[in-house]
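The following exchange examines how certain labels are justified in a predicted model. Each reply sets a computed value against its criterion.

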Amino acid sequence: MNRTTLSLIAGATALAAVTGFAVLTAPDPTAADDGVATAAARLPVERSSLLCPTPSSSDLAETRYTSFTPVTKGTENEGSAVLRPATAGRPAEEGTEENEKESEKESGEDDGGEEAAASAKPEKPVLEHKKEPGKPVTADTSGGEAPALLGTAEGRFAPGWTVQQTTEVAAGTGRGLQGVTCTAPDTEFWFPGASTATERTDYVHLTNPDGSAAVVDIEVYGKDGALETEVGEGITVKPYSSEPVLLSTITDEEQTDVTVHVVVRSGRVGAAVQALDDSLGGDWLAASADPAGSLVLPGIPQDATAVRLVVFTPGNVDADLKVQLASPSGLITPAGNETVHVKGGMTTAVDLGDVTRGEAGSLVLTPTDRSVPVVAAVRVLRGQGDDQESAFVPAAREVGLRATSVDNTAEGSTLAVTAPEGAAKVRVTVSAGSEGGTPATETYTIKAGTTQNIEVPVPDDVEGTYALTVEPESDDAPVYASRTLTAPDDGVPAFTVQTLPDDRGMVAVPHTEEDLSVLQR
């Protein structure tokens, strides 16, 4: 077998193409050279990209953006984080000679938007974060004309950069609290829990951060398999722009629960589903974790009055899953819903009722026999009668090295942490507030198989919104987390839930030449 090695620079370049640019430091020249590769170092990324979807079309919408970067050792002293409107315009700095010349050109024939993107004037930033990491910065907008946003963070603001978009809609379809963590661009997304039912208005928001058009396919799977779609293939998203796609324009079939699969043929996009209900409010449905044999859906609100689990398995192989709830006292099995059978290529939904029964809880899905990859999400209802509100909890990635939740308030935020496979210690840091205050850190032990709603000790001097950063103290057992944000309004228990996956602020870079012959297999 041919053995191939990649140098430090080549290896780091490959990693940078996926996760951003890593800060590179030379290997220690005094290290012993015994022919064995040194363990990879974790260094902070130098650039991060995030995309925020169009918040709302309602004239009654009030939207707040919150930007936060945790303090990370080893970063440069300079940098910034900027959010700009996603229009056909080029998101470059204003006033440059190049842009002044480009803006004077007349656009030619439609070529997918590249020429128009290069010639349009740049938009002014909606939010700029330049002072220092460790303190949130906010910006507000109102009405139904607010655009999607393209975000870039560089230097010391890049590692762990997190942006939350929170919208309050006072009345109408989708009224209530709608929250979403702005996402990094990617090429594939799964959304179990979407709907084409009459009472639902679901949009797939596609945002293109790049200077060339992206081409996207949207596939929809119902209870009997793939739904016939009319315009779901070859959707063009122009450069530096966002495209909301109404699900009912893709297929005529009405189904309560469907799984949406977004596949990017060329380029990359950010994707999220905005699920609006005529009577049950609305929220954003974030993408599920990648298909896997076991999944964790962390932090179902303890006062949930109804929980509906939606599961889908790609391919033609059926999956049989054990359903468990990680409660404060351990793993328990919901009566009457011990297992769920998921047919290959079909969406399956199960009503779990008030499964949490007033306690903290997370759903844990594991194979009963052979492992078959699945994706999953739950739709959660709070309240009773006409005063009900809905939100979603998708299957989550692990917290990993570090994860952050932003736009928290002292009375309206609940942090749920679960360790389904083994006991874990986590360090939780409350940042300074957006309007001042002192950060504080506390360590908590999460028992094996349990979920704990952590009462975070917010210092009295913290003003405005704050960030919560979760860091497991070891990698012995995986940890998952979510944050529930509540904002009751005239008897309606408005809420939204965001999971806390690893912030991907660090990248592994080899100290020396490392044997990567496995890549040649």
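Q: What makes D202 count as buried?
A: Buried means under 20% relative accessible area. D202 has a relative accessibility of 1%, and therefore counts as buried.

Q: Why is the contact between D202 and R200 called a salt bridge?
A: The criterion is a side-chain nitrogen of Lys or Arg within 4 Å of a carboxyl oxygen of Asp or Glu. The side chains of D202 and R200 meet at 2.8 Å, N to O, so the contact qualifies as a salt bridge. R200 is buried as well, because its relative accessible area is 9%.

Q: How do you know whether R175 and E389 are buried or exposed?
A: The cut-off for buried is under 20%. R175 stands at 14% and therefore counts as buried; E389, at 0%, also counts as buried. Their side chains meet in a salt bridge of 2.7 Å, N to O. This pair links distant parts of the chain, with R175 in the loop between β9 and β10 and E389 in strand β28, 214 residues apart.

Q: Why is D351 called exposed, and what is R308 called?
A: Exposed requires over 50%. D351 has 52%, so D351 is exposed. R308, at 24%, counts as partly exposed because this value lies between the 20% and 50% limits. The side chains of D351 and R308 meet in a salt bridge of 2.8 Å, N to O. D257, R308 and D351 are linked in a network of salt bridges.

Q: What makes β25 and β28 edge strands?
A: The open sheet has the order β25-β21-β27-β28. β25 and β28 each pair on one side only.

Definitions and conventions:
Residues numbered from 1 in each chain as written. Predicted model: local features only at pLDDT ≥ 70, side-chain atom pairs only at ≥ 80, totals over all residues. Heavy atoms only, no water. Pairing = 2+ DSSP bridges. Helix = DSSP H or I, 4+ residues; strand = E, 2+ residues; numbered from the N terminus. Buried < 20%, exposed > 50% of the residue type's maximum accessible area, 1.4 Å probe, protein only.
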